[in-house]
Amino acid sequence: ASAEADAHALTEKKKKSDSMNADMIDQIATLKERLSSSDASVQLLAKEKEAIESEKTELLREKALLETDAADTRCQVQALLEEKASAEADASALTEEKKKLDSMNVDMANQLATLKEELSASEANIQVLTNEKRTIASNNDVLCHQKASLESSKNELQCRVQALLEEKASAEADA
């Protein structure tokens with residue numbers, strides 16, 4: 001009865017371990033999805049930054065061309081000065097946007113590092129749980145062998161008791 005209780009307890013422990021393994025696998029899948037999403041966002045932000053820098057370069061080139069043509073007429077000078085002011089405002093806005101994107105990249109890099117640490121910890125936990133599961137399975141095998149051995153001993157003892165009862169009955173009948 002104690003061996004059966006132990007076996008039942010080990011079975012329950014294995015079920016809990018299997019459930020924890022499934023939960024860890026689900027958590028890892030979620031982390032991988034979040035990591036993939038973060039990677040896609042980082043790539044998108046890098047492309048946007050490149051486009052902004054390209055636009056800034058183009059605006060600066062246009063500004064230089066307009067400043068060269070400014071000597072032609074006073075109207076052209078006024079138009080170039082207005083465009084220059086606009087380009088500077090755009091450059092300033094782009095610089096601010098770049099700062100924001102750089103900050104977001106740093107935040108995402110930190111999140112990625114955290115996710116990698118969590119993933120590593122989850123993988124270590126899964127390995128520990130897998131080892132525990134193997135140990136439980138091994139212990140279950142040992143308990144099954146012990147149970148079979150005890151049942152065999154019990155059967156032998158029952159046969160001996162039966163033989164002794166028959167000898168006693170025969171001896172009483174002879175007496």
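Me: How many helices and how many strands make up the secondary structure of the protein chain?
Reply: This is a predicted model, so keep that in mind as we go. For the protein chain, the secondary structure comes to zero strands and two helices.

Me: Is the chain more spread out or more compact, going by its radius of gyration?
Reply: For 175 residues, the globule rule gives 16 Å. The radius of gyration here is 40 Å, well over that, so the chain is more spread out than a compact globule. Along its principal axes, the C-alpha trace spans about 145 × 15 × 15 Å. So the word you want is spread out.

Me: What share of the residues counts as buried?
Reply: To count as buried, a residue needs a relative accessible area under 20%. The protein chain has 175 residues, and the share that counts as buried is 15%.

Me: Okay, let's pick one residue. Is Ser 122 buried or exposed?
Reply: Ser 122 is found in helix H2, which covers residues 74-174. Its relative accessible area is 8%. Buried means under 20%, so with 8% Ser 122 is buried.

Me: Which residues is Ser 122 in contact with, leaving aside neighbours within four places in sequence?
Reply: Ser 122 sits in helix H2. One of its partners, Ile 28, is found in helix H1, residues 2-69. With the sequence neighbours within four places left aside, the contacts of Ser 122 are Ile 28 and Leu 31.

Me: And what does Ile 28 touch, not counting residues up to four places away in sequence?
Reply: Ile 28 counts as buried because its relative accessibility is 10%. Its place is in helix H1. Beyond four places in sequence, Ile 28 touches Leu 119, Ser 122, Glu 123 and Ile 126.

Me: How much of the chain's contacts with a separation of 6 or more comes from residues 24 or more positions apart?
Reply: The contact of Ser 122 with Ile 28 is one you've just met. Taking the contacts in the protein chain with a separation of 6 or more, the part from residues 24 or more positions apart is 82%.

Me: Now the charges. How many salt bridges does the structure hold?
Reply: Asp 18 and Lys 14 form one of them, with N to O at 3.0 Å. Another joins the side chains of Asp 102 and Lys 49 at 3.6 Å, N to O. In the structure, the number of salt bridges is seven.

Me: Where do Asp 18 and Lys 14 both lie?
Reply: Asp 18 is partly exposed, at 27% relative accessible area. Lys 14 counts as partly exposed too, at 26%. The two are four residues apart, about one turn of the helix, and both lie in helix H1.

Me: How many residues apart in sequence are the parts that Asp 18 and Lys 133 tie together?
Reply: Asp 18 forms a salt bridge with Lys 133, and their closest N and O atoms are 3.5 Å apart. Asp 18 lies in helix H1 and Lys 133 in helix H2, so the pair ties together parts whose separation in sequence is 115 residues.

Me: What about Asp 102 and Lys 49: how many residues apart in sequence are the parts they tie together?
Reply: The side chains of Asp 102 and Lys 49 meet in a salt bridge. Asp 102 lies in helix H2 and Lys 49 in helix H1, so this pair ties together parts with a sequence separation of 53 residues.

Me: Which residues do salt bridges that share partners join into one network?
Reply: Asp 18 meets Lys 14 in a salt bridge. Asp 18 also forms a salt bridge with Lys 133. Sharing partners this way, the salt bridges make one network of Lys 14, Asp 18 and Lys 133.

Me: Which residues does Lys 98 touch, not counting those up to four places away in sequence?
Reply: Lys 98 is found in helix H2. With a relative accessible area of 31%, it is partly exposed. Once residues up to four places away in sequence are not counted, Lys 98 touches Lys 49 and Glu 53.

Me: Last one: how far apart do the centres of the positive and negative side chains lie?
Reply: The protein chain has 36 negative and 23 positive side chains. Taking the centres of the two sets, the distance between them is 2 Å.

Terms used. Residues numbered from 1 in each chain as written. Predicted model: local features only at pLDDT ≥ 70, side-chain atom pairs only at ≥ 80, totals over all residues. Heavy atoms only, no water. Buried < 20%, exposed > 50% of the residue type's maximum accessible area, 1.4 Å probe, protein only. Contact = heavy atoms within 4.5 Å. Salt bridge = Lys/Arg side-chain N within 4 Å of Asp/Glu carboxyl O. Rg over C-alpha atoms; globule rule 2.2 N^0.38 Å. Lys, Arg positive; Asp, Glu negative; His and termini not counted. Charge placed at Lys NZ, Arg CZ, Asp CG, Glu CD.
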